[in-house]
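Take a look at the chain below. We will follow its charged side chains, then stop at one polar residue.

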Amino acid sequence: MERQTPVRRGSYSYAGRLSCEVRIIQWHTLYGSGSPHDPPQLAQDRAVTCYYILYRTPADPREWVRNGGLLTYEEALERATSLFGGALRWENESRR
């Protein structure tokens, strides 16, 4: 997933000093929870176009943290904004 070409790329400022990379990627699998306690539509993986937010943290800038499993690009943008607020800055990339 980390090698997927981003649909959108940017960064967020941590503590006003460190810049950490953020990406929104389009993916082919909406991963389920895997929990036997969840209904099948939540527990099982589904083959569907979806979006994930990948970002790096100051704690380990080599690793990507994954967030999302959102069904629209707009939802992914909203989630990224809710995660990073005003510290988020997007590059001038157009949506693919």
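Which residue forms a salt bridge with E21? The partner is R23, and the closest N and O atoms are 2.9 Å apart. Keep in mind that this is a predicted model.

The two partners sit in different settings. R23 is buried, because its relative accessible area is 13% and buried means under 20%. E21 has 23% relative accessibility, so E21 counts as partly exposed.

This pair belongs to a wider set. R9, E21, R23, R56 and E91 are linked in a network of salt bridges. Within this network, E91 pairs with R9. Their closest N and O atoms are 4.0 Å apart. The pair joins distant parts of the chain, 82 residues apart. R9 lies in strand β1 (residues 8–14), while E91 lies in the segment after β5 (88–90). Both ends are partly exposed: E91 has a relative accessible area of 39%, and R9 has 24%.

The structure holds 5 salt bridges. Another one joins R62 and D60, with the closest N and O atoms 3.3 Å apart. R62 is exposed, at 66% relative accessibility. D60 is partly exposed, with a relative accessible area of 24%.

Now turn to N67. This residue sits in strand β4 (residues 65–70). N67 has 18% relative accessibility, so N67 counts as buried. What joins the side chains of N67 and R79? A polar contact of 2.8 Å does. R79 is also one of the contacts N67 makes beyond its neighbours within four places in sequence. The others are Y52, I53, Y55 and L83.

Definitions and conventions:
Residues are numbered from 1 along each chain as its sequence is written. This is a predicted model: local features need pLDDT of at least 70, side-chain atom pairs count only at pLDDT 80 or more; totals for chains, interfaces and linings use all residues. Side-chain values use heavy atoms; hydrogens and water are left out. Helices (H or I, at least four residues) and strands (E, at least two) are DSSP runs, numbered from the N terminus. Buried means under 20% relative accessible area, exposed over 50%, partly exposed in between (1.4 Å probe, protein chains only). A polar contact is a pair of N or O atoms within 3.5 Å; within protein, one must be able to donate a hydrogen and the other to accept it, and residues adjacent in sequence count only if both atoms are side-chain atoms. Contact means heavy atoms within 4.5 Å. A salt bridge is a side-chain nitrogen of Lys or Arg within 4 Å of a carboxyl oxygen of Asp or Glu.
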